[in-house]
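I opened the model today to look at one sheet and one helix pair. Here are my notes, for whoever picks this up next.

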Amino acid sequence: MSFWEKIGSFDRRYIFLLIALTVIIPLLLPIGMSITITNEVKSVYDYIDALPPGSAILVSMDFDPASLAELYPMTLAVLKHAYTKKVRVVGMTLWITGASLGDMVMKEAAEGIAEVDKDYTYLGFVPSGAVAIMRIGQDISSVFNVDYNGKPISEIPVMKGIKNYKDISLVVDLAAGSTPEAWIIYAGTPHRVPIAIGVTAVSAVGYYPFLNAKQLIGLIGGMKGAAEYEKLIQTSGAASLGMDSQSVAHTAIILLIIIANASYFVVRRKKTAES
Amino acid sequence: MKLRLPLLLCFLCGIFMIFQFFIPPFTSVYDKLLNWVMIISIPALVLGVSSLIKLHYTRIVRKTPNMPYSIVVFVAMIVMASIGLIGGTGVGTWFGWLFINVQIPMQATMFSLLAFYVASAAYRAFRARTLEATLMLVTAVIVMLARVPIGDFLWQHIMPDSVVQWRANLPEDVAGWILNVPSMAARRGIILGISLGAIATSVKIILGIERSYMGAGE
């Protein structure tokens with residue numbers, strides 16, 4: 001077996017080891033590459049930044065622990081930004097496995113800058129996603145009559161004056177699945193409420209048509225989008241830290257593809273010459 | 001009757017939901033129907049749990065090779081449900097502790113494994129065998145490089161200053177163009193196709209032509 005044939009049938013365990021190293025080493029020894037801000041992330045930041053204090057935003061955290069690495073840092077960054085701007089935040093989730101995560105992230109973001117019930121509230125999980133989105137358009141209390149801890153929403157100061165989408169300045173959906181489409185179809189279009197989304201890198205591509213059609217005011221895509229938002233709010237969180245790892249891992253995968261293709265062409269040419 | 005009644009109900013509900021959109025006095029009925037849908041979806045959770053219990057109970061009774069996993073499912077389900085019902089589910093509770101220290105690491109680990117499999121699969125299968133495969137490969141490489149900081153980093157450190165001054169973030173711009181033009185056009189076509197298909201299927205269901213929702217395609 002020639003060198004190139006051996007390369008072509010490389011043991012996958014070495015690839016696993018290489019990927020592990022490309023992820024771990026930059027986490028331990030950060031390179032600190034600069035992050036370029038994209039228009040789609042900047043427009044979410046600008047929109048929240050321009051909201052007057054006291055306006056309300058609805059943040060739906062529709063993700064589970066599997067996509068935590070990408071979506072938790074962006075949720076944290078968006079919430080910190082809103083809390084700092086004194087924008088009232090109403091949190092909820094359409095994913096049952098995201099119920100506890102929503103509670104965690106809202107509390108973590110609020111540390112030292114916002115108070116529960118006064119500046120923000122977390123309403124928890126509601127089943128039947130699209131229908132719940134439609135019902136919020138009529139009356140939010142018909143979907144949530146108590147918050148995540150069982151407190152009636154009529155007794156929560158931050159909910160004062162919030163009945164439906166007319167009282168909400170922006171809906172932010174941080175999603176691992178297809179809920180952004182439901183928010184666009186059942187909240188954004190009929191009720192004319194602006195929608196911004198934060199999604200995993202792999203699904204971000206699917207939402208560009210909505211962004212281009214102005215059905216979304218902005219899009220935060222994957223860990224890179226989260227790192228951009230962290231840069232915009234001048235903080236360095238988990239996403240910024242992960243950027244070096246992601247950069248090196250992507251480069252390693254590209255190099256592997258190039259090597260594999262070189263091997264493929266050399267072996268193919270050799271076989272053609274032999275035959 | 002057994003066949004006609006569900007078909008008639010489906011037809012009447014479907015026609016009503018289309019027309020109520022154009023007739024304001026029916027809005028209150030629409031609100032009530034939305035409530036019904038939410039109420040119906042809750043028993044669906046019960047059905048899901050009972051189905052899961054049935055499946056794993058059968059595996060335990062039959063002592064299949066995967067029986068230990070089914071026992072784990074039961075133990076986990078009972079422990080999490082009991083702790084959640086007794087002590088609540090918020091941060092700082094036992095449920096919260098188990099969620100943070102068991103479920104989050106396990107689910108994150110499962111998802112993280114994708115990175116290894118994607119790298120291995122790309123190495124083995126991503127070959128420029130045809131023109132289409134080559135186009136896909138080149139596009140993937142550009143987007144992969146440009147959507148992380150290393151794309152601009154390499155561009156700004158490898159290219160001559162005059163080129164960098166001309167376009168400081170060219171990789172990012174090219175990736176943006178790929179996402180905003182060809183990729184978006186393809187995606188838009190897919191969305192339109194899916195939407196037209198959904199409308200056609202809905203009409204078929206309302207008119208009773210498509211009956212597979214009644215079971216076994218009969």
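The entries below go through the sheet in one chain and then the helix pair in the other.

Ground rules first: this is a predicted model, where local features need pLDDT of at least 70, side-chain atom pairs count only at pLDDT 80 or more, and totals for chains, interfaces and linings use all residues. Residues are numbered from 1 along each chain as its sequence is written, while chains are lettered from A and ligands numbered from 1 in the order in which they are written.

Entry 1, the sheet. I looked up the strand order in chain A (strands are DSSP E runs of at least two residues, helices H or I runs of at least four, both numbered from the N terminus). Six strands make an open, parallel sheet in the order 3-2-1-4-5-6, where pairing takes at least two DSSP bridges. Its edges are strand 3 (120-125) and strand 6 (218-221) of chain A. I then checked strand 2 (residues 88-93) of chain A, and four bridges join it to strand 3 of chain A. Across from A:Val90 I found A:Thr121.

Entry 2, the helix pair. Which residues of helix 3 of chain B meet helix 4 of chain B? I found B:Met80, B:Ile83, B:Gly84 and B:Gly87 meeting B:Trp94, B:Phe95 and B:Leu98, with contact meaning C-beta atoms, placed from the backbone, within 7 Å. Just after helix 3 of chain B, I noted B:Gly88 with a positive phi of about 85°.
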